[in-house]
Amino acid sequence: MRTSLIAAIVTSAALTLAGCSSSEPEPTPTPATPTAAVPKGFDVPAGVTITEGGTKLAVGAPATVVYEPGDRGTSAVTVTVAEVKQGSMKDFRFFSLDEQTKKSTPYYVRATVKNDGPAGLGGAALPLYALDSSNTNLPANEIVGTFKPCPSPTLPASFLPGATADVCLVYLVPEGRTVTSVSLQTGTTQDAIAWTP
């Protein structure tokens with residue numbers, strides 16, 4: 001028995017709501033024109049086209065965004081959500097879970113990431129969120145230790161321009177809900193790129 005593989009899953013996921021309601025009258029709306037989110041001062045590498053914010057894609061289609069993960073620098077990355085697969089709670093039989101979490105439905109999201117440059121992004125986590133059937137955005141669950149059904153939740157320790165990597169993220173979706181889309185959120189929720197399985 002490899003009891004060292006038994007780990008806890010961080011399931012206290014903060015919920016990101018799609019909008020807010022208010023009793024006050026809304027100001028005159030600004031036209032919701034999708035724009036490519038490129039920070040001021042960032043030079044898009046030659047031959048790279050940034051995908052417009054708010055774009056909807058089918059699984060398997062690529063999208064290119066500008067990603068600035070903390071102090072790792074800013075780089076253009078091309079992300080392809082390759083698979084959104086429902087898993088089984090049997091995969092978590094060696095994990096210590098509370099009763100509510102045991103009733104969840106696991107989803108595994110596999111994606112390919114290419115660093116288009118100019119910065120290295122080693123060890124960064126990809127900001128992919130799962131939107132469930134209750135219209136709630138769920139961040140990926142953090143798993144401590146090795147999880148064979150869905151390994152590699154972050155980019156490799158060395159991820160220089162030109163490098164490509166495969167990542168796999170785990171989402172424990174609350175009982176009775178399903179995943180309706182997966183979104184890449186490098187800016188606002190309105191600018192997110194969404195893939196529909």
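Here is a walk through this structure, from its nonpolar cores out to a few residues worth a closer look. Keep in mind that the model is predicted.

Let's begin with the core. The largest nonpolar core holds 30 residues, and the ones touching the most other members are Val79, Val113, Leu128, Leu155, Tyr171, Leu184 and Trp195. Which elements feed two or more residues into this core? They are strand 3 (62-67), strand 4 (75-86), strand 5, strand 6 (128-132), strand 9, strand 10 (179-184) and strand 11 (193-196). Strand 9 gives the largest share, five residues. There is also another core, set apart from this one, with 10 residues, and its members include Phe92, Phe95, Ile143 and Leu172.

Tyr171 is a good place to park your viewer for a moment. Skipping residues up to four places away in sequence, Tyr171 touches Thr105, Pro106, Tyr107 and Val109, then Leu128, Tyr129 and Ala130, and finally Leu138, Pro139, Ala140 and Asn141. If you want to match some of those to elements, strand 5 covers residues 105-118, strand 6 runs over 128-132, and strand 7 spans 137-139.

Next, the cysteines. How many disulfides does a search of the whole structure find? Just one turns up, and it joins Cys150 to Cys168, with the sulfur atoms 1.9 Å apart. In plain chemical terms, a disulfide is a covalent bond between the sulfur atoms of two cysteines. Here the angle about the S-S bond is -105 degrees, which makes the link of Cys150 and Cys168 left-handed. Cys150 sits in the loop between strand 8 (142-143) and strand 9 (164-173), while Cys168 is in strand 9 itself, so the pair ties together parts that are 18 residues apart in sequence. Are these two cysteines buried or exposed? Both Cys150 and Cys168 are buried.

The loop between strand 8 and strand 9 has another feature: Ser152 lies there too. Although Ser152 is not a glycine, it has a positive phi of about 60 degrees. Its relative accessible area is 38%, so Ser152 is partly exposed. Asn135 is a second non-glycine residue with a positive phi, in this case about 65 degrees. You'll find Asn135 in the loop between strand 6 and strand 7, and because its relative accessibility is 46%, it counts as partly exposed.

Now over to strand 5, where there's a backbone oddity to look at. The peptide bond from Gly117 to Pro118 is cis, with omega near 10 degrees, and Pro118 lies in strand 5. Asp116 is in strand 5 as well. Is Asp116 buried or exposed? The cut-off for buried is under 20% relative accessible area, and Asp116 comes in at 18%, so it counts as buried. Leaving out residues up to four places away in sequence, Asp116 touches Pro45, Val48 and Thr64, along with Ser75, Ala76, Val77 and Thr78.

Strand 4 is the home of Glu83. At 31% relative accessibility, Glu83 counts as partly exposed. Which residues does Glu83 contact, once neighbours within four places in sequence are set aside? They are Val59, Tyr108, Val109 and Arg110. Take Arg110 from that group: Glu83 and Arg110 are 27 residues apart in sequence, yet their C-alpha atoms are 5.1 Å apart in space.

Last stop: the empty space. Rolling a probe the size of a water molecule over the atoms shows where empty space is left. In this model, a search of the whole structure finds one cavity of 30 Å³ or more, and about 80 Å³ of space lies in the largest cavity. Its lining is made of 12 residues, with Ala37, Gly53, Val65, Thr186 and Asp191 nearest the centre. By type, the lining splits into six nonpolar residues, five polar and one charged.

Asp191 is one of the lining residues nearest the cavity centre, and it sits in the loop between strand 10 and strand 11. With 28% relative accessibility, Asp191 counts as partly exposed. Ala37 is another of those nearest the cavity centre. Along the chain, Asp191 and Ala37 are 154 residues apart, but from C-alpha to C-alpha they are 7.3 Å apart in space.

Definitions and conventions:
Residues numbered from 1 in each chain as written. Predicted model: local features only at pLDDT ≥ 70, side-chain atom pairs only at ≥ 80, totals over all residues. Heavy atoms only, no water. 1 Å grid on protein atoms, 1.4 Å probe; cavity = no way out; pocket = protein on both sides within 12 Å on 5 of 7 lines; lining within 4 Å. Points joined across faces, edges and corners; volume = space filled by probe spheres on them. Nonpolar A, V, L, I, M, F, W, Y, C, P; charged D, E, K, R; others polar. Disulfide = S-S within 2.5 Å. Helix = DSSP H or I, 4+ residues; strand = E, 2+ residues; numbered from the N terminus. Buried < 20%, exposed > 50% of the residue type's maximum accessible area, 1.4 Å probe, protein only. Contact = heavy atoms within 4.5 Å. Core = buried A, V, L, I, M, F, W, Y, C linked by side-chain atoms within 4.5 Å.
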